[in-house]
Amino acid sequence: MSDLDIAMLNRCVELPLRYGTVYVDSMLGWLVRWLRMLGVSVNYTPSFSDDYLAGVNGLLITRDRNLFRLRRGESLLLLTMNHEHWLATAILVLGVEPSINGERSLCPMCGSKLVRVGKDVIKNLVPPRVLSTHDEFWLCTGCGRVYWVGSHHGRINAMLSRARELVGKLTVKCVGNTLIIQAGDGDPN
Ligand SMILES: [Zn+2]
């Protein structure tokens, strides 16, 4: 293993992967929230058992080498603690567009669809200051959380632009039947 290895997929396939359902292992809640914001439907609960995850249909994303070895279906093993590399790797493997699009984004907390709503619908659900200074609101059809386009979008876009840059530097190589994903030179994890 090289210092540049940041992830491996237990199949040598062309990327992006043609995936169905995506399962994400516990401890990766940060990645789950980002993938949902980018519109990826993710199954996640911190209480999934390894036995269950070893057998589910779809793609499993995990940091657990033992689970990766036990896994019968497709699995992406993240080898780094660098969160930006987690996101860049998932964007590459899943072929996701790294930009926020309200029509596509899912609720980062529960994964349900978001609908754009007028101020009258959410006026009692957000602080008055937010109501008076923002115009675009989205309501989660699952958990009822309200989202608005605000100052945090600068940070979100900065992260996505960083992820785009990292994706451009990733390289993949096939070793046996494992696809190794590496960070670019000079960009170790
Ligand atoms: Zn929700």
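The radius of gyration here is taken over C-alpha atoms, and the globule rule is 2.2 Å times the number of residues to the power 0.38. For 189 residues that rule puts a compact globule near 16 Å; the chain has 18 Å, which agrees. Keep in mind that this is a predicted model.

**Whole chain**

Start with everything shown. Along the principal axes, the C-alpha atoms fill a box of roughly 60 × 40 × 25 Å. Turn on the cartoon: the chain has seven helices and 10 strands. Colour by burial next. Buried residues account for 29% of the 189. Now consider contacts between residues at least 6 apart in sequence: 62% of them join residues at least 24 apart.

**The seven-stranded sheet**

Select the strands in the order 3-2-4-5-1-10-9. They form an open sheet of seven strands with mixed pairing. Its edges are strand 3 (42–43) and strand 9 (171–175), and each pairs on one side only. Zoom in on the strand 9 edge. Strand 9 pairs with strand 10 in the antiparallel sense, over five bridges. Pick threonine 171 here; glutamine 182 in strand 10 stands opposite. Now add helix 4, which packs on this sheet and touches strand 1, strand 4, strand 5 and strand 10. The direction of helix 4 makes about 35° with that of strand 1.

**Helix 4**

Stay on residues 83–94. This helix has 12 residues and reaches 16 Å from first C-alpha to last, close to the 16 Å expected at 1.5 Å a residue. Is helix 4 mostly covered or mostly uncovered? Mostly covered: nine of its 12 residues are buried. Show side chains for the buried ones: His85, Trp86, Leu87, Ala88, Thr89, Ala90, Ile91, Leu92 and Val93.

What covers them? The cover includes strand 1 (5–9), strand 4 (59–62), strand 5 (74–78) and strand 10 (178–182). It also includes two helices, helix 1 (29–37) and helix 7 (152–169). Step off the end of helix 4 to glycine 95, where phi is positive, near 65°.

**Helix 1**

Move to helix 1, one of the elements covering helix 4. Select Leu31, Val32, Trp34, Leu35, Arg36 and Met37; these are buried. The buried residues of helix 1 pack against strand 2 (22–24), strand 3 and helix 4. Follow the chain onward to glycine 39, which comes after helix 1 and has a positive phi, near 95°.

**Leucine 160**

Jump to helix 7, where leucine 160 is found. Is leucine 160 buried or partly exposed? The cut-off for buried is 20 or more other C-beta atoms within 10 Å. Leucine 160 has 19 such neighbours, so it counts as partly exposed. Set aside neighbours within four places in sequence, and leucine 160 is in contact with Pro98 and Ser99. Draw a C-alpha to C-alpha distance to isoleucine 100: 8.7 Å in space, across 60 residues of sequence.

**The three-stranded sheet**

Finish at the other sheet. Select strands 6, 7 and 8: an open sheet in the order 6-7-8, with antiparallel pairing. Strand 6 (114–117) and strand 8 (146–148) stand at the edges with a single partner each, so one side of each is left without a neighbour in the sheet. On average, neighbouring strands of this sheet are turned by 35° against each other, direction ignored.

Focus on strand 7 (residues 137–140). Three bridges join strand 7 to strand 8, and the two run antiparallel. For the last pick, choose tryptophan 138: tyrosine 147 in strand 8 stands opposite.

Note on methods
Residues numbered from 1 in each chain as written. Predicted model: local features only at pLDDT ≥ 70, side-chain atom pairs only at ≥ 80, totals over all residues. Helix = DSSP H or I, 4+ residues; strand = E, 2+ residues; numbered from the N terminus. Expected span 1.5 Å × (residues − 1). Contact = placed C-beta atoms within 7 Å. Pairing = 2+ DSSP bridges. Axes fitted to C-alpha atoms, helices over the stretch in contact; angles between N-to-C directions.
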